[in-house]
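Work through the exercises below with the model open beside you. Try each task before reading its solution.

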Amino acid sequence: MTRTATDTSAAVEHFAAKLRYETDASDVAAAQSADERFVLVDTRGHAAWHQGRAVGAVHMPTAEIAERAASEIPLDTPVVVYCWGPGVQRLDQGGAAVQHAGL
């Protein structure tokens with residue numbers, strides 16, 4: 001596969017954009033250890049929540065974010081949403097719902 005300068009530029013832009021809005025478990029753990037201020041939201045369903053969760057997480061299933069987020073998460077607080085894995089569509093839906101709530 002031959003890559004052009006345009007391809008390379010588009011790829012750099014794509015990954016830079018993702019990194020502005022995404023994090024990983026080790027960064028979240030480091031932020032918690034440093035007592036950084038943020039809300040960790042578990043967007044999974046009730047059954048998954050009862051199986052286990054990240055320490056300090058708030059349970060807010062994706063379908064409930066629109067009605068709950070604005071009243072339960074302070075407006076100026078950074079939010080990290082998580083689900084089963086980084087490729088899960090529900091994670092993107094949760095992130096979008098938090099943004100639509102104005103957080």
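This is a predicted model. Start with a residue that is hidden from the surface: Asp 42 is buried, because its relative accessible area is 0%.

**Exercise 1. Find the salt-bridge partner of Asp 42, and decide whether that partner is buried or exposed.**

Step 1. Look for a basic side chain beside Asp 42. Arg 44 forms a salt bridge with Asp 42. The closest N and O atoms are 2.7 Å apart.

Step 2. Check the accessibility of Arg 44. The value is 5%, so Arg 44 counts as buried. The cut-off for buried is under 20%.

Step 3. Look across to strand E3. There, the bridge partner of Asp 42 is Tyr 82.

**Exercise 2. Work out the order of the strands in the sheet.**

Step 1. Start from strand E1, residues 39–42. E1 and E3 pair in the parallel sense, over four bridges.

Step 2. Place the three strands. The order is E2-E1-E3, the pairing is parallel, and the sheet is open.

Step 3. Name the edges. They are strand E2 (58–59) and strand E3 (79–82), each of which pairs on one side only.

Step 4. Recall what holds such strands together. Strands of a sheet pair through backbone hydrogen bonds, either parallel or antiparallel.

**Exercise 3. Explain what the salt bridge between Arg 37 and Asp 76 ties together.**

Step 1. Take the distance. The closest N and O atoms of Arg 37 and Asp 76 are 2.8 Å apart.

Step 2. Locate both ends. Arg 37 lies in the loop between H2 and E1, and Asp 76 in the loop between H4 and E3, so the pair ties together parts that are 39 residues apart in sequence.

Step 3. Check the surface. Asp 76 has 58% relative accessibility, so Asp 76 counts as exposed.

Step 4. Count up. A search of the whole structure finds four salt bridges.

**Exercise 4. Say what stands out in the phi of Asp 35.**

Step 1. Find the residue. Asp 35 lies in the loop between helix H2 (25–33) and E1.

Step 2. Read the angle. Phi is near 55 degrees, a positive value, and Asp 35 is not glycine.

Step 3. Set this against the usual case. Most residues other than glycine have a negative phi.

Step 4. Add the accessibility. At 67%, Asp 35 counts as exposed.

**Exercise 5. Show which residues line the buried face of helix H4, and which lie on the face turned away.**

Step 1. List the buried residues of H4. They are Thr 62, Ile 65, Arg 68 and Ala 69.

Step 2. Look down the axis of H4. The buried residues fall within an arc of 120 degrees, so they line one face of the helix.

Step 3. Turn to the other side. The face away from the buried side carries the exposed residues Ala 63, Ala 66, Glu 67, Ala 70 and Ser 71.

Step 4. Pick Ala 69 on the buried side. Its relative accessible area is 0%. The C-alpha atoms of Ala 69 and Val 98 are separated by 6.6 Å, although the two residues are 29 residues apart along the chain.

**Exercise 6. Trace the salt-bridge network in which Arg 68 takes part.**

Step 1. Begin with one pair. The side chains of Glu 64 and Arg 68 meet at 2.6 Å, N to O.

Step 2. Note the spacing. Both lie in helix H4, four residues apart, about one turn of the helix.

Step 3. Compare their accessibility. Glu 64 is partly exposed at 22%, whereas Arg 68 is buried at 18%.

Step 4. Complete the network. Glu 64, Arg 68 and Glu 72 are linked by salt bridges.

Technical notes:
Residues numbered from 1 in each chain as written. Predicted model: local features only at pLDDT ≥ 70, side-chain atom pairs only at ≥ 80, totals over all residues. Heavy atoms only, no water. Pairing = 2+ DSSP bridges. Helix = DSSP H or I, 4+ residues; strand = E, 2+ residues; numbered from the N terminus. Buried < 20%, exposed > 50% of the residue type's maximum accessible area, 1.4 Å probe, protein only. Arc of directions from axis to C-beta.
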